[in-house]
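Welcome! Here are a few exercises to work through with the sequence and the model side by side. Try each task yourself before reading its solution.

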Amino acid sequence: LDGSAVMTDCVISNNTAGNGAGGSVAASGSVLISNTLFTCNVGVNGAGLDNAYGTIVNCRFLYNIASGSGGGVQMDRGIIRNCLMAGNKAGIGGGLAVGSSGAKSTIENCTLVRNSASVGGGLSNLGGGHVRNCIVFLNSAPVFPDFRQTNYISSADIYVLNNCATNDLNGITTAIGSPANIIVSGNIQAN
């Protein structure tokens, strides 16, 4: 998908990309993807969806496998709202891998559960942005099972984690390069 394309009410399943990104869909531009199921796709990065920037709403990413980053979704910047990411696997960011330094994304009202990775089982974020009202729970990784926020946050980046439920906030609080640029509030941590 490119430009200002719209994709809605689709099922994207059982696709394989041997090289590059997007086991199923590679998107760039200000795309809108809604009410779509991405399942059982295999790729290098972004096995379910590789989205440079755009808006993803009311989608489900289930059982996708990426050898690189973003089992469910890999995106540089954009908005992900009301989505489910479950059972996805990747080297980095099993459910979701977001951005690069300076890229700001918004992740709202999403559930990331039972995803796995070597680092950042649920969510791996390389830039600033907002994660609000999300459940990030029961993900697995040897390092930072639920959240991974790298130390690439610069003085211009702000990372906000607000009103989320998780069983591990260590990836957020220990990996930040500049603690003044992170806001963590109203979260529930259960063991």
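A residue is called buried when its relative accessible area is under 20%, exposed when over 50%, and partly exposed in between, using a 1.4 Å probe and protein chains only. Two notes before we start. The model is predicted, with residues numbered from 1 along each chain as its sequence is written, and local features need pLDDT of at least 70, side-chain atom pairs count only at pLDDT 80 or more, while totals for chains, interfaces and linings use all residues. Side-chain values use heavy atoms, leaving out hydrogens and water.

**Exercise 1. Get an overview of the protein and of the model's confidence.**

Step 1: Count the elements. Helices (H or I, at least four residues) and strands (E, at least two) are DSSP runs, numbered from the N terminus. The protein has 24 strands and one helix.

Step 2: Look at burial. Of the 191 residues, 52% are buried.

Step 3: Check confidence through pLDDT, the predictor's score for each residue from 0 to 100. The average is 80, and 73% of the residues reach at least 70. Residues 151–157 stay under 50, and so do residues 173–180.

**Exercise 2. Is C134 buried or exposed, and which residue 26 places away in sequence sits 6.1 Å from C134?**

Step 1: C134 has a relative accessibility of 1%, so C134 counts as buried.

Step 2: The residue is E108, where 6.1 Å is the distance from C-alpha to C-alpha.

Step 3: Now follow E108, which belongs to strand β14 (residues 105–108). With a relative accessible area of 13%, E108 is buried too.

Step 4: List the partners. A contact means heavy atoms within 4.5 Å. Beyond neighbours within four places in sequence, E108 meets I80, R81, N82, R132 and C134.

Step 5: Find the polar contact, a pair of N or O atoms within 3.5 Å; within protein, one must be able to donate a hydrogen and the other to accept it, and residues adjacent in sequence count only if both atoms are side-chain atoms. The side chains of E108 and R81 make one at 2.7 Å.

Step 6: Compare T106, also placed in strand β14. T106 is buried because its relative accessibility is 15%, and its contacts beyond four places in sequence are G78, I79, I80, H130 and R132.

**Exercise 3. Which element gives the most to the largest nonpolar core?**

Step 1: A nonpolar core is a set of buried Ala, Val, Leu, Ile, Met, Phe, Trp, Tyr and Cys residues joined through side-chain atoms within 4.5 Å. The largest one holds 27 residues, and F38, L49, F61, V73, I80, L96 and I107 touch the most other members.

Step 2: Elements giving two or more residues include β7 (49–57) and β10 (73–81). The answer is β10, with three residues.

Step 3: Zoom in on V73. Its contacts beyond four places in sequence include L49, F61, I80 and L96.

**Exercise 4. Why does C10 form no bond with C59?**

Step 1: A disulfide needs a pair of cysteine sulfur atoms within 2.5 Å. The closest cysteine sulfur to that of C10 is in C59, but at 9.1 Å it is too far for a bond.

Step 2: C10 is partly exposed, because its relative accessible area is 26%.

Step 3: Under this rule, the protein has zero disulfides.
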